[in-house]
Amino acid sequence: MLLSSVAVGVLTDRVHPRWPVLVGVPLCAYGMHLASRLTLQADMSAILEPAAIIGLGLSFLAVPVSVCLFATIKPEQMANASVLNSYLSVISGSASLAIVTSLLMHRIEVNSIRLAEAVRHGNPAVQHILHAMEPGLAYPVIYGQMLRQAAMFSFNDVLYALTLVVLSLALYVPFARRAEARQP
């Protein structure tokens, strides 16, 4: 993201900011969609690929949005706008984290309940584990696997929801403004 932000900054100086955003939205959405399909068996490359795509996409979003944000600010108000932007970034980041965490915890609860309904004595997978291990050891194994699956499904649910949120950012593009050259 660090390297691509520099490249996007140069690109944004040469083209209208909406064009990098039009690249960033699908990149972020695609990366989040890939991440929403991860399983408990995912290896490091399966995790790093969506993360790299999301980072690249965020570069194409963050830089042009900042350019558009400061495009209408008068030079004498730039310091105040910068402080306000930093403050709002921290507050919105904290609020977003709280919302995503709450959604994740809710989805873990919902998915745990649904998976617990499937774990019954008539289930062939449960029967296999009960026959392979003694019940005192089998039940904690089944319960632990159920919790891991519930958490994985919940992360997938939240990442899919975030994919839709990122796609909604495309609605911003028609309203993007280019910075006007200022007279000294």
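A search of the whole predicted structure finds one salt bridge. The side chains of R107 and D157 form this bridge, with N and O 2.9 Å apart. R107 belongs to helix α4 and D157 to helix α6, so the pair ties together parts that are 50 residues apart in sequence. D157 is partly exposed, at a relative accessible area of 27%. R107, in contrast, is listed with the buried residues of α4.

Helix α4 runs over residues 78-118. The helix has 41 residues. From its first C-alpha to its last, α4 reaches 58 Å. At 1.5 Å a residue, 60 Å is expected, and the value found is close to that. The buried residues of α4 are A81, L104, R107, V110, N111 and S112. What covers them includes α3 and α6. Helix α6 therefore appears twice beside α4: it supplies D157 to the salt bridge, and it is part of the cover over the buried residues.

Another part of α4 faces outward. Y87 is found in this helix. Y87 is exposed because its relative accessible area, 52%, is over the 50% cut-off. Together with L84, L88 and I91, Y87 forms a nonpolar patch on the surface. The four residues have about 410 Å² of accessible area together.

Helix α1 covers residues 2-14, which makes 13 residues. At 1.5 Å a residue, α1 should span 18 Å. Its end C-alpha atoms are 19 Å apart, which agrees. Which residues of α1 are buried? They are S4, V8, G9 and T12. These residues cover an arc of only 145° around the axis, which puts them on the same side of α1. On the other side of the helix, L3, V6, D13 and R14 are exposed. What covers the buried residues of α1 includes α2, at residues 18-35, and α3, at residues 44-71.

Helix α3 thus forms part of the cover for buried residues in α1 and also for those in α4. One residue of α3 is E49. E49 counts as partly exposed, with 46% relative accessibility. E49 and A35 are 14 residues apart along the chain. Their C-alpha atoms are separated by 8.6 Å.

Helix α6 spans residues 135-168. Two of its residues, V166 and L164, can be set side by side. Is V166 buried or exposed? V166 is buried, because its relative accessible area of 9% is under the 20% cut-off. L164 counts as partly exposed, at 47% relative accessibility.

Distance along the chain and distance in space can also be set side by side for these residues. V166 and Y30 are 136 residues apart in sequence. In space, 9.8 Å separates them, C-alpha to C-alpha. L164 and H131 are 33 residues apart along the chain. Their C-alpha atoms are separated by 44 Å. Leaving aside neighbours within four places in sequence, V166 is in contact with V25, C28, A29 and M32.

Terms used. Residues numbered from 1 in each chain as written. Predicted model: local features only at pLDDT ≥ 70, side-chain atom pairs only at ≥ 80, totals over all residues. Heavy atoms only, no water. Helix = DSSP H or I, 4+ residues; strand = E, 2+ residues; numbered from the N terminus. Expected span 1.5 Å × (residues − 1). Buried < 20%, exposed > 50% of the residue type's maximum accessible area, 1.4 Å probe, protein only. Arc of directions from axis to C-beta. Contact = heavy atoms within 4.5 Å. Patch = residues over 30% accessible without salt bridge, like charges linked within 9 Å, V, L, I, M, F, W, Y side chains within 5 Å. Areas by Shrake-Rupley, 256 points an atom, 1.4 Å probe, with all protein chains shown as cover.
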